[in-house]
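Reader: I'd like a close look at the metal site in this one, and at the sheet that goes with that part of the chain. Could you walk me through it?

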Amino acid sequence: MKLLLSPSSSLKSGPGAAMMTAKLLLRGRRSQHQHHRVVRRIPVLVSTSSSGSNTFSDNECDCGFCPSWGMRMIKPPLSFNRIQQQQQSRYSSSSSSSSTKSSSNDDSLYERKKLSSIEPPTVAKELVEYLNKSWTAFHATKNAEELLKKAGFVKLDEDKSWSSSSSNSNSNPPLKPNGKYYVVRNQSCIVAFCLGGEYVPGDGFHIIAAHTDSPCPKLKPVSKRKERAGCIGVGVQPYGGGLWHTWFDRDLSVAGRVLLKKNDGRVQSELVKIERPIVRIPSLAIHLDREINQSGFKPNLETNFAPILATAIKAELEGFNNNRENKNKDANNDNSSSSSGGETMHHPIILAILAEELKCEPEDIIDFELNVCDTQKSQIGGATNEFIFSGRLDNLCSSFCALKALIDASKDSSLKKHKGARAIALFDNEEVGSVSTSGGGGTVMIEAIKRATLSSNSSNSSNSSGGESDVIEQCLAKSFLVSADMAHAIHPNYTEKHEEQHQPLFHKGVVVKHNANQRYATTALTAYMFRECAKLSGIPTQEFVVKNDMGCGSTIGPIVSAQTGIRTVDVGVPQLSMHSVREMMGTEDVDICHKHFLAFYENIAKVDANVQMSS
Ligand SMILES: [Zn+2]
């Protein structure tokens with residue numbers, strides 16, 4: 001079986017072409033892991049004949065999947081004939097290894113083994129790893145920072161000078177072309193960028209923006225609750241628009257940041273993540289509410305939603321008897337004397353757990369910001385290993401793809417010749433409207449752009465920009481922002497919820513989101529430019545608009561574009577169960593998104609140069 005498709009033919013619009021591209025992407029994928037395992041000095045298949053002769057070129061792998069792939073000029077995601085040969089060799093070798101392991105010639109058994117060993121894209125596995133480490137926006141930011149540091153990005157402190165002419169020895173390192181930098185704000189938001197080799201002040205920033213936060217219950221400022229029915233509960237408040245019923249009967253824990261008083265009097269903020277399930281929100285038995293399946297599950301978030309931490313009797317037996325003295329008092333009326341956390345605000349068991357994890361004393365804990373989190377690990381699933389089951393896919397999938405694409409693009413040789421900057425902005429607080437210091441409605445991104453531009457301007461006052469006073473405005477007018485947030489794949493059990501011409505599917509490309517009422521910032525021009533970047537690399541895209549009889553969600557896109565004037569497109573990877581404690585998406589979609597974002601960095605300047613707006 002041989003199927004060849006030229007990159008240009010895969011670019012034709014229409015569902016048939018998109019389906020073909022998706023199938024080819026999938027077929028190619030199967031061979032990936034085998035390729036990496038077997039080949040050390042990596043062969044590049046150059047023959048298109050069925051004999052599949054191999055030749056060795058450099059030590060570089062040209063398979064289209066290796067991590068180094070993104071370091072070079074972007075290419076069509078797959079060279080399809082080569083992929084097919086790889087696939088054939090994979091199947092022939094897995095067939096022989098299967099027969100050596102088992103003497104059975106049972107075809108159905110062989111098929112089952114083959115399915116279970118299908119390898120998802122490497123980038124999807126990396127995303128799962130990132131998700132498992134990133135239970136909160138704080139952790140997502142920290143983990144992003146670590147990956148950036150490893151890739152050579154340098155931290156810039158917001159409270160120090162960015163001016164290259166600063167005589168202050170305590171200032172940030174001077175910004176230079178080909179340099180890579182990042183800024184963190186509130187431990188929950190990160191802006192990173194790399195300057196092109198031919199960057200001059202006033203050049204545009206090509207930005208992919210996403211968000212690090214997800215809906216979850218958060219512990220209340222006074223989380224200690226009155227003992228009820230012999231149980232100790234934890235007071236929580238809902239953050240964002242979660243599908244709250246999905247949080248019932250899950251094995252939950254807490255994670256976030258804790259303020260600690262150190263011996264020398266300093267106050268330090270440390271991240272914490274309790275891996276074991278320490279809390280649970282039990283549902284009410286069907287026997288006590290027999291109408292629930294007909295009338296719907298409508299929990300009262302104040303009274304029915306408090307997680308149980310322990311029984312009072314066990315807590316007392318273990319020496320945590322603080323609750324006893326408050327037994328008949330409402331804890332909410334008992335916080336007047338507390339200004340520094342401690343046992344008047346939170347149950348001593350919570351403090352003890354945190355202290356154990358942070359290797360400190362409970363008295364050292366001043367306060368904390370803790371999310372309730374699901375302890376079930378994110379994982380690859382589905383009969384053919386084609387899904388990711390996880391919390392926080394919205395929007396850590398976009399965050400991770402943006403991060404990885406920037407890191408890859410920062411190593412790409414094309415950066416040396418690039419005029420402009422490549423950037424990401426991973427904001428906090430999108431789920432609650434983005435209006436915060438670390439949200440998309442805040443100043444963190446625009447300040448980074450301004451300071452980078454002005455810093456370079458002051459150091460390059462003799463160059464072509466000549467230290468012009470309106471370099472910021474020039475830069476913003478030349479910039480382009482991809483607002484990346486997850487999209488709704490059509491749900492096979494609720495197909496009527498999608499408009500019939502706009503039904504995003506798994507494995508068919510990043511979704512471009514449109515809304516006439518500006519809930520998304522997409523325009524015909526920005527949609528074209530984003531699509532065109534993908535098209536030049538043979539990557540499919542899809543379109544979405546909400547039905548007229550339904551409300552439309554929104555993103556950081558309209559907020560950031562209105563504040564900055566930067567041309568913006570709203571896009572997202574299709575997923576199901578959005579805002580559930582456990583969401584679902586396709587592994588191939590991670591790969592497609594990552595490649596599309598790389599193609600964006602690679603192609604956007606070229607695409608932009610060909611766009612003319614007549615006034
Ligand atoms: Zn989102």
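Author: Sure, and keep in mind that this is a predicted model. Let's start with the metal. The zinc ion has protein donors from H211 (NE2), D394 (OD) and D485 (OD), with D485 (OD) listed twice, and they lie 2.0 to 2.7 Å from the zinc ion. The angles that the four donor atoms subtend run from 52 to 141°, which makes the arrangement irregular. To count as tetrahedral, all angles would have to lie between 85 and 135 degrees. For reference, the ideal angle for four tetrahedral donors is 109.5 degrees.

Along the sequence, the donor residues follow the spacing H-x182-D-x90-D. The two aspartates link distant parts of the chain: D394 sits in helix α12 (residues 393–411), while D485 is in the loop between β16 (480–484) and β17 (487–488), 91 residues apart. Both D394 and D485 are buried.

Now the sheet. Strand β6 covers residues 205–211, and H211 is one of the zinc donors. β6 pairs with β16 in the parallel sense over four bridges, with I208 standing opposite V482 in β16. Both strands belong to an open sheet of nine strands with mixed pairing, in the order β3-β4-β5-β15-β6-β16-β20-β18-β19. β3 (154–155) and β19 are the edge strands; each has a single partner strand, so one side of each is left without a neighbour in the sheet.

Let's follow the sheet out to the β19 edge. Strand β18 (residues 510–513) and β19 run parallel and are joined by four bridges, and V510 stands opposite T541 in β19. Between these strands the chain passes through helix α15 (residues 524–535), making a right-handed β-α-β crossover.

Helix α15 has twelve residues and reaches 16 Å from its first C-alpha to its last, close to the 16 Å expected at 1.5 Å a residue. Its buried residues are T526, A527, M529, F530, E532, C533 and A534. The cover over them includes β16, β18, β19, β20 (567–572) and α17 (587–609). That brings us back to β16, the strand just before the loop that holds D485.

One last detail on β19 itself. In a regular strand, side chains alternate between the two faces of the sheet. Strand β19 (residues 541–544) shows this alternation: Q542 and F544 point to one face and are buried, whereas T541 and E543 point to the other and are not buried.

How values were computed
Residues numbered from 1 in each chain as written. Predicted model: local features only at pLDDT ≥ 70, side-chain atom pairs only at ≥ 80, totals over all residues. Heavy atoms only, no water. Donors = N, O, S within 2.8 Å, 3.2 Å for Na, K, Ca; no water. Tetrahedral: all angles 85-135°; square planar, octahedral: opposite > 155°, others 65-115°. Buried < 20%, exposed > 50% of the residue type's maximum accessible area, 1.4 Å probe, protein only. Pairing = 2+ DSSP bridges. Right-handed = clockwise from strand over helix to strand, strands pointing away. Expected span 1.5 Å × (residues − 1). Contact = heavy atoms within 4.5 Å.
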